[in-house]
Amino acid sequence: MKKVRALAAGIILSFILVSCASTSGEKVKASPQKDYKFDFSTKTLGSFSVVDLDEELEVLKYLMQTTYAGYETAVANGFDIDRSIGEIKKDVLENLNSLGMIDTARFQKTIFNVFMRDMKNNDMHFSVHGYDVGAYNQISKDICWTDIYVGEENGKLVIIQSGSDKIPVGAEYTGGEKNLYKAFLGDKEVYRYGVFSNPNTKRLTVSLEGESVPVSVTEKGKWFYKENNTNVIETEESVYVSLSSFSMYGNPLLYNLFFDLCKKISNTDPEKSLILDLRSNSGGSVFLADQLVASIYYPFDIPLHMEFYDFLMMESGKYKNRISSSALDQYNEYTKKEWELRTSVTDEYNRELEKNEEDADIAEIFYKEPLQHKKVYVLMDEDTASASEYAIGLLGLVPDADVTLIGSRTYGSVSYYDLHRYPLPKSGLYLRLATIDGAPPYITDDDHFFGEGEGFRPDWWVSNDQLLNTLIQLTGDQSLSEYLRGLEKWQL
């Protein structure tokens, strides 16, 4: 497959934040008898009239039934949309503002909370936007760290470092091993005590000599965010790569930055360990994730790079279900220019995919030994989401590569994608709904992945202040202490 065509496909398709390959076998949902005309330029109001509520809820039901890929799964889970909408209506009518109007902010939160509770499909991309900030899913559990470190002495587990006067050094630890996570104190491998719990937890207990002793949760560091941050730092033994987003949204400058990053990765010494920093990378285009991973394993300017990129594209496109509806057609008309360009490219690409899927030689790519960076370390956290999680899964597709995940769990938003925005006519709120349902096998079959809303879990659970020393110990590259100074604050 020619580089120009594949590159164009990756760039153009990234407009819509999707992961799709051949659309054969699409599942088309039947539209209700009544179709609605949408005004995609609708503005959000602070409140709207009670007399408009029934129409608003009717359109809400229409959108959920016809444009949302997770609807059938929700119904299988017991979702009764009429009952849920009835509860939404009751709540907003009982909480009108002082002028007898429906408060849009409350309406927004009620829609989100009721639907996510009742649908039970844990779609981490489902959101309701418009007034103030959007209503999103939130991380339910993560590691709550302490300053308690445990080591083995004379066949027993004992406290070897403590940040609390109540936890004396030398005391025997008698708690569960599930709360002990591998860590380094200097160059000594030990365990750090932490509990997988609500991130807002302030106090925990640790078992010493058979008794429960209270201990404080360590404060998380203050982080900062660099939008579209890209960087490559090369030492004598390692290569550090930072990427804070896969969302370029058709911006040529950002695309150039991304592909320059890929070329820089390909030009680094292939014998060196690669450190990929995806902390707080909230995702974007899965096709750019394909391109990044191909660049890590194969030099950018050789045919094998494009063969592997094509292979990754096909693996990323193994989804379950894609819907079609009148509302989606209207959205596509609204973005007609991009849609026509996308359609012409994807039709050609899909024909090529179908041909390649019949060609047994494509499987050989999976078994080819990567030409560079066989040892990869990924830095991740609870804000690593969507396309960045696809990148993590893609890295594991090469058997000869050694991939180590470091940090905390990822967000877990991989099963619902190809997101489109639909407005409600009276409030001006809009829903972002996925038209594709089903993560590819290279994610769902990965032992590190624990499901939608749970995400990937690391090999080394460490907080930001432990990242640099952990990398130094795992890579053996002492120069990282200078080159990656400030890593605990954010991406470099």
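Reader: Which residues do ring pairs link into a cluster?

Author: The model is predicted, with local features needing pLDDT of at least 70 and side-chain atom pairs pLDDT 80 or more, while totals for chains, interfaces and linings use all residues. Residues are numbered from 1 along each chain as its sequence is written, and side-chain values use heavy atoms, without hydrogens and water. Rings of Phe, Tyr and Trp (its six-membered ring) pair if their centres lie within 6.5 Å; planes under 30 degrees apart count as stacked, over 60 as edge-to-face and the rest as tilted. The cluster linked by such pairs consists of Y68, Y71, F79, F112, F115, F126 and Y416.

Reader: How many aromatic pairs does a search of the whole structure find?

Author: The search covers the whole structure, and its result is 17 aromatic pairs.
F184 and W460 form a stacked pair, with 10° between the planes and 5.0 Å centre to centre.
The total found is 17.

Reader: How far apart in sequence are the parts that the pair of F184 and W460 ties together?

Author: Strands here are DSSP runs of E with at least two residues, and helices are runs of H or I with at least four, numbered from the N terminus. F184 lies in strand β6 (residues 180-185) and W460 in strand β18 (residues 460-461), so the parts tied together are apart in sequence by 276 residues.

Reader: Are F184 and W460 buried or exposed?

Author: Buried means under 20% relative accessible area, exposed over 50%, and partly exposed in between (1.4 Å probe, protein chains only). By this scale, both F184 and W460 are buried.
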